[in-house]
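Welcome to this short tour of a protein model. Please take a look at the sequence and the 3D view, and then we can walk through some of the details together.

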Amino acid sequence: MCGVVGIVAYSPVNQALYDALTVLQHRGQDAAGVCTVDQGNFRLRKANGLVRDVFEEKHMKRLQGTSGIGHVRYPTAGTSTSAEAQPFYVNSPFGISLAHNGNLTNSVALQEYLFKVARRHINTNSDSEILLNVLAHELSLSSEMTLTPKEIFDGVARSIALLQGAYAAVALVIGHGMIAFRDPYGIRPLVLGQREEEGKTEYMVASENVALDAIGFSFVRDVEPGEAVYVDENGHLHTQQCAANPQYAPCIFEYVYFARPDSFIDKISVYQARLNMGKKLGQKIAHQWEDLDIDVVIPIPETSCDIALEIAGELNIPYRQGFVKNRYIGRTFIMPGQKMRRKSVRRKLNAIKSEFKGKNVLLVDDSIVRGTTSEQIIDMAREAGANKVYFASAAPEIRFPNVYGIDMPSVTELIAHGREVDEIAEQIGADDLIYQDIDDLIAAVREENPDIEGFETSVFNGRYVTGDISQAYLDEITCLRNDGAKADTEAKAEISNIDLHNESN
């Protein structure tokens with residue numbers, strides 16, 4: 001999962017891009033980057049780290065220009081090296097820079113296509129570099145030195161016909177402007193905004209509308225599945241549907257965990273969707289756990305706070321904040337490596353013992369992935385004096401890997417894979433465990449926008465909406481995503497980075 005932003009304005013955009021990326025920091029803490037166009041040249045800064053650490057004053061001064069794109073990254077599979085930080089760029093045609101949120105599921109075939117047909121070399125393991133080169137090749141098929149909006153959209157349409165998987169992408173084309181487009185299922189989010197400055201309209205795209213709010217842009221609408229947005233150098237907006245058969249199937253995990261609660265994605269309030277999840281789960285608990293003697297409902301901050309509050313209301317049981325969160329520790333789910341995740345949990349949370357001592361507590365979390373965090377938090381609750389510890393998950397059992405841009409671990413590292421609920425409860429040390437039903441989760445989110453008939457829910461039921469996912473592909477990503485493979489890849493990348501550093505000196 002990553003965050004992208006793009007702006008075409010009439011004044012310098014460096015500070016606006018920086019501010020927007022800080023608002024999208026929750027979508028990726030591994031690396032950050034900004035690329036601007038200044039007098040016909042790209043100005044690029046990207047590196048590993050948080051936005052505030054990557055960009056110093058000297059970098060901001062160099063990032064001149066009135067149009068630019070930005071990216072925050074966390075690795076979907078593989079390394080967290082600066083070589084894969086975004087945006088990427090290519091020199092031909094025109095000069096194109098691109099940032100991408102999602103994952104291409106046919107990247108191997110595309111890389112072969114680029115080498116044999118387009119004669120383009122891919123220098124990293126990032127599918128975003130592949131996407132950039134596919135777009136560059138399709139735009140290069142025009143014989144004109146200046147592309148018309150029609151030729152831009154034709155190039156995007158040809159690209160979409162080749163690409164499989166999930167993507168929300170934004171690109172700068174020197175001498176032309178900014179292009180943004182979304183996959184035909186709308187799996188990854190992308191919004192369009194505008195701002196009036198001295199009688200002129202400036203345009204912006206971003207992963208979430210909160211980035212628009214932060215820098216004074218007004219939300220216009222969501223970019224449609226399969227749609228492309230083109231803002232030319234003169235600031236004129238052009239849009240066109242570029243997919244043959246688009247259909248809405250947004251990733252439901254955006255609403256469960258990833259997106260900020262103050263965001264709207266595809267006309268759905270993330271905050272209200274989470275309240276609905278809590279109401280549905282509270283009703284299930286009241287029906288199926290009526291004999292349990294729960295004294296207090298305690299959320300595991302922060303995503304589950306709104307969910308837990310609704311559960312407490314449904315059960316007519318006190319809601320309490322039992323954990324204090326250290327806000328300077330990153331989100332453990334997106335931290336690379338199991339060892340780092342384990343260490344970070346206790347640094348991240350501390351129990352308020354008075355809320356646990358002698359009580360039967362219901363802990364509420366948004367989801368359970370590996371079970372590492374859940375197990376340690378349950379231990380913390382018992383150490384704080386809890387009598388019994390029950391656990392509720394606002395999401396159903398996660399039994400399948402995600403292939404659309406979320407770094408779910410290998411299937412063997414998913415705690416729900418091959419286990420029944422009572423076995424999972426025993427594994428994490430809970431006295432009892434209850435999951436949200438998938439139909440209730442879908443209903444909770446869809447209640448805010450009934451026009452969306454389906455969601456991407458493959459991590460729960462193994463149904464991949466793009467219809468192109470084979471067992472061979474799943475086996476391949478299992479090999480790439482297990483923590484042992486990642487550690488080995490990280491070590492090789494570190495050696496490679498040292499070699500490159502030595503060569504440059």
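Let us begin with strand S12 (residues 227-232): 6 of its 6 residues are buried, so S12 is largely enclosed by the rest of the structure. Buried here means under 20% relative accessible area, exposed means over 50%, and partly exposed lies in between (1.4 Å probe, protein chains only). Helices (H or I, at least four residues) and strands (E, at least two) are DSSP runs, numbered from the N terminus. Glu227, Val229 and Val231 point one way from S12, while Ala228, Tyr230 and Asp232 point the other way, and all are buried.

A word on the source: this is a predicted model, in which local features need pLDDT of at least 70 and side-chain atom pairs count only at pLDDT 80 or more, while totals for chains, interfaces and linings use all residues. Residues are numbered from 1 along each chain as its sequence is written, and side-chain values use heavy atoms, with hydrogens and water left out. As for confidence, pLDDT is the predictor's own score for each residue, from 0 to 100. The protein chain averages a pLDDT of 91, and 90% of the residues score at least 70. Over residues 489-505, pLDDT stays under 50, and the model has 7 contacts beyond four places in sequence for them; contact means heavy atoms within 4.5 Å.

**The sheet around S12**

Which strands sit beside S12? Strand S8 (residues 177-182) is joined to S12 by 5 bridges, and the two run antiparallel. Two strands pair if DSSP finds at least two bridges between them. Within S12, Val231 stands opposite Met178. S12 also pairs with strand S13 (residues 237-241) in the antiparallel sense, over 5 bridges, and here Ala228 stands opposite Gln240 in S13. S12 and S13 make a hairpin with 4 residues between them, and Gly235 in the turn has a positive phi of about 85 degrees.

Stepping back, 6 strands form an open sheet in the order S5-S6-S7-S8-S12-S13, with antiparallel pairing. Strand S5 (88-90) and S13 stand at the edges with a single partner strand each, so one side of each is left without a neighbour in the sheet. From one strand to the next, the twist averages 20 degrees. Elsewhere in this sheet, strand S6 (residues 96-104) and strand S7 (residues 165-173) run antiparallel and are joined by 9 bridges. Ala169 in S7 is the bridge partner of His100.

Helix H6 (residues 149-162) lies across S7, S8, S12 and S13, running at about 145 degrees to S12. Axes are lines fitted to C-alpha atoms, for helices over the stretch in contact, and angles run from 0 to 180 degrees between N-to-C directions.

**Two helices up close**

Helix H4 (residues 107-118) has Leu110, Leu114 and Ala118 as its buried residues. These cover an arc of only 45 degrees around the axis, which puts them on the same side of H4; the arc is that of the directions from the helix axis to the C-beta atoms. An α-helix has 3.6 residues a turn, so residues three or four places apart point the same way. Among the elements covering the buried residues of H4 are S6, helix H5 (127-140) and H6. The face turned away from the buried side carries the exposed residues Val108, Phe115 and Lys116.

Is Asn14, in helix H1 (residues 14-23), buried or exposed? Asn14 counts as buried because its relative accessibility is 14%. Its side chain reaches the backbone oxygen of Met60 at 2.9 Å. Leaving aside neighbours within four places in sequence, Asn14 is in contact with Met60, Leu63 and Gln64.

**Backbone details worth a look**

Most residues other than glycine have a negative phi, and most peptide bonds are trans. The table lists some places that depart from this pattern.

| Place | Backbone feature |
|---|---|
| Ser92 to Pro93 | cis, omega near -5 degrees |
| Pro301 to Glu302 | cis, omega near 10 degrees |
| Asp266 | positive phi of about 55 degrees |
| Asn316 | positive phi near 55 degrees |
| Arg119 | positive phi near 55 degrees |

Pro93 is found in the loop between S5 and S6, and Glu302 in the loop between strand S16 (296-299) and helix H10 (305-315). Asp266 sits in the loop between strand S14 (264-265) and strand S15 (268-269) and is buried, with a relative accessible area of 1%. Asn316 is placed in the loop between H10 and strand S17 (323-325) and is exposed, with a relative accessible area of 71%. Arg119 follows H4.

How values were computed: A polar contact is a pair of N or O atoms within 3.5 Å; within protein, one must be able to donate a hydrogen and the other to accept it, and residues adjacent in sequence count only if both atoms are side-chain atoms.
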